[in-house]
Protein chains: 2
Amino acid sequence: MTTTETLSVREMGLRARRAARVLRSLPTDRKAAALHAVARELRAREAGILAANARDVAAAQAAGLPAPMVARLRLDAPALAAIARDVEAVAALPDPVGETTPERTLPSGIRVSQRRVPLGVLGVIYESRPNVTVDVAALALMSGNAVILRGGKETVSSNAALEEAIRAGLASEGVPAEAVQVIRDPARERMLELLRLDDLVDAIIPRGGAGLHRYCVENATVPVIVGGIGVVHIYLDESFTRDPADVERAARLVHNAKVQKPSACNALDTLLIHRGALPALPALARDLMAAGVTLRADPPALATLRSAGLDAEPASEADYGTEFLSLTASIRTVPGLDEALDFIAAHGNHTDVILTRDPAQAERFVADVDSAAVMVNASPRFNDGGQLGLGAEVAISTQKLHARGPMGLRELTTTKWVVVGDGQVRA
Amino acid sequence: MTTTETLSVREMGLRARRAARVLRSLPTDRKAAALHAVARELRAREAGILAANARDVAAAQAAGLPAPMVARLRLDAPALAAIARDVEAVAALPDPVGETTPERTLPSGIRVSQRRVPLGVLGVIYESRPNVTVDVAALALMSGNAVILRGGKETVSSNAALEEAIRAGLASEGVPAEAVQVIRDPARERMLELLRLDDLVDAIIPRGGAGLHRYCVENATVPVIVGGIGVVHIYLDESFTRDPADVERAARLVHNAKVQKPSACNALDTLLIHRGALPALPALARDLMAAGVTLRADPPALATLRSAGLDAEPASEADYGTEFLSLTASIRTVPGLDEALDFIAAHGNHTDVILTRDPAQAERFVADVDSAAVMVNASPRFNDGGQLGLGAEVAISTQKLHARGPMGLRELTTTKWVVVGDGQVRA
């Protein structure tokens, strides 16, 4: 088996293109079999993979990386077993490749349809979680794509061991190992080469913080799918606070939105509250504060909280339109739905929720808000591939082109026009 | 009515965003009414528009522009009338905005669907044809998008007059005139500002030559939809030359592919010919040469042509994978389908055609060729929005993301997730 260790990024691109030509015609059952073989290899190589990971962890600790970062890159036996199970779950997903729109016969006599095909070659750039290496490879393969992966420099050993397991699995099923290649050289120049390989790579998917996304957008000539970055709002209308059971529901939902996974892109950033709903705010705030959330509130909300004996910080303008990714949230009081919609138009794009008992308000909110996901009376944490029924996701797109929201197998495909005639020419 | 003459590109972007928020909720009939008003204004202002165009033509002639370029920018009364009719035709197209996927209830109890919505704000950059100004504005409006247009410096007066007509039409129907704005300053810096306005513009669509597309890809931070660039192949199999009627069909089709509009992106560039089909080549070549086509052939094809008394030029490697956009085509002899497929895998991406009577070959060709359009026994000139049943097109995408092939109204939209619950939180 070849190793990618010493290849130039361009040579990796050429190999990926050749592999992609094989992958795009591979039947579903062969792709699934290859993924099962990958899962077997991951299990069989557990000791080697965990040893490689232990080297990364030791190096990270020696370099003084903060404990949460070290935690993110650490693998153990249960985590590796979960990764292998996830690969098998991807193998069971419906294959979008080959779906064809109904054929139409046009006035010229030609018969036309659109057939779903893989994108081709993906470049995925991510940070320190080694599970991404396997997750992304599995989704790329099942959708018939070759992939070039560029992980964080903190996980070079783990990723090399995982790449070898993946490629051994593929090779054992007769699938080109070049379908999955990891750039092992952590130098930024190699990433830049990948970002500019537009004659060989069809899409770049960054997974990481805003800085990584911005770097890709600024430097890539390959199209980039930007995702995961954005502010999450919940607008609490007065109508959702009249019934004490609703106040309880709202408190539970806001708590879920902020506390369940504060580092997630679909966690709450800003609570917009109808001024008539302010009496319910202390009940919501108590739950959040008990979980360690810092609240930054505008004057009416601050006054309401303080008069209930709760302490919050005064919000500055910088606390709005800001993605916190931590146990902090801002609160803004609005006189009504119009102002909430204006606020979201200025700051939103990711996930925005209205809590209301007024169906007309709900419909206006859904119609006006232009975000990847718009929700009525549900937690923004549902903006996730698994939660929305996609089975798995490679990223959450917050841009408009190609895919918006969670990207599963279908979002890793495109279409081609198929035209069948009998010698027709254009008039 | 405001004029965009003195606005910065950023200010135009902010106004476009505000207009887009209105446009995205506009019912179909109001968009159609606005387009009819635009058509009326174009007709009412005929004299002024043609006078403005005459100024552009005079300036172009004074500057010594080549006659074909001057011809491209010239408008006359019938051309303007046709443009107005095209606007009315767009108003009659089905509106994709608001289409919703069937709602599904997921295990968590939330109900989810995807609703089709406009992209938002488009930036369209094009060269000297003033009809593009109106065509693109009409498609953008009907799909609920605001658009910022940047035409060629040779058509500044024409575009200003057309913009005024469009905006007057919109305003008369109560649609924000800022939905259509033309960058009047022809300085390249203004185009660069548009390309980097990624917080306000959702997509850049270049319409023009390879140089313009490359400039956009290299410089934009807004996502770019690359289109129209690419090589068109026809593979003539031996099975399509056994029957003299088929040879005649092939000759007619190849002639249509190359001669009907040589400057079009879907015109033939390279004829791949099965060596067993060489005896049919002179019949094809005679028709092409009679139309003034220069053929550049590889040695077997050249020998066949010369022994039939036809003169062709020897092809160099540079004649393959080259988009001619003129009355030149290259010919390459291949031993069979495998080699044709390898050749197309190396050079194709736009439109590729097989002429064959063998259904198994046709299916292999359709499965293996990864281009925007793959055709069996039909002219590549059918790769066009009107010809494929889209009604109209804003561009032909040759990239994989978002849209592939002709882009009509639907391709100017995206989707958003709509989630409706009753207080559900994520487990």
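## Symmetry of the two copies

In this predicted model, chain A superposes on chain B with an RMSD of 0.0 Å after a rotation of 180° and a shift of 0.0 Å along the axis; the fit is by least squares on the C-alpha atoms of residues with pLDDT of at least 70 in both copies. The two copies are thus related as by a two-fold rotation axis. The same surface serves both copies, as 100% of the contact residues of chain A recur in chain B, where contact means heavy atoms within 4.5 Å.

Among the residues of chain A, His402(A) comes closest to the rotation axis, its C-alpha lying at 1.8 Å.

## A sheet built from both chains

An open sheet of 10 strands with mixed pairing runs in the order S1(A)-S2(A)-S16(A)-S13(B)-S12(B)-S7(B)-S8(B)-S11(B)-S9(B)-S10(B). Strands are DSSP runs of E with at least two residues, and helices are runs of H or I with at least four, each numbered from the N terminus; two strands pair if DSSP finds at least two bridges between them.

S16 of chain A (residues 413-424) and S13 of chain B (residues 373-378) pair in the parallel sense over 5 bridges. Within S13(B), Ala378(B) stands opposite Gln424(A).

## Annotated domain

The UniProt record, an unreviewed entry, places the annotation "domain: Aldehyde dehydrogenase" on residues 12-277 of chain A; such annotations may be inferred rather than shown by experiment. Over residues 12-277, chain A is 49% helix and 15% strand, and the end C-alpha atoms are 57 Å apart.

## Conventions

Residues are numbered from 1 along each chain as its sequence is written, and chains are lettered from A in the order in which they are written. Local features need pLDDT of at least 70 and side-chain atom pairs pLDDT 80 or more, whereas totals for chains, interfaces and linings use all residues; side-chain values use heavy atoms, without hydrogens and water.
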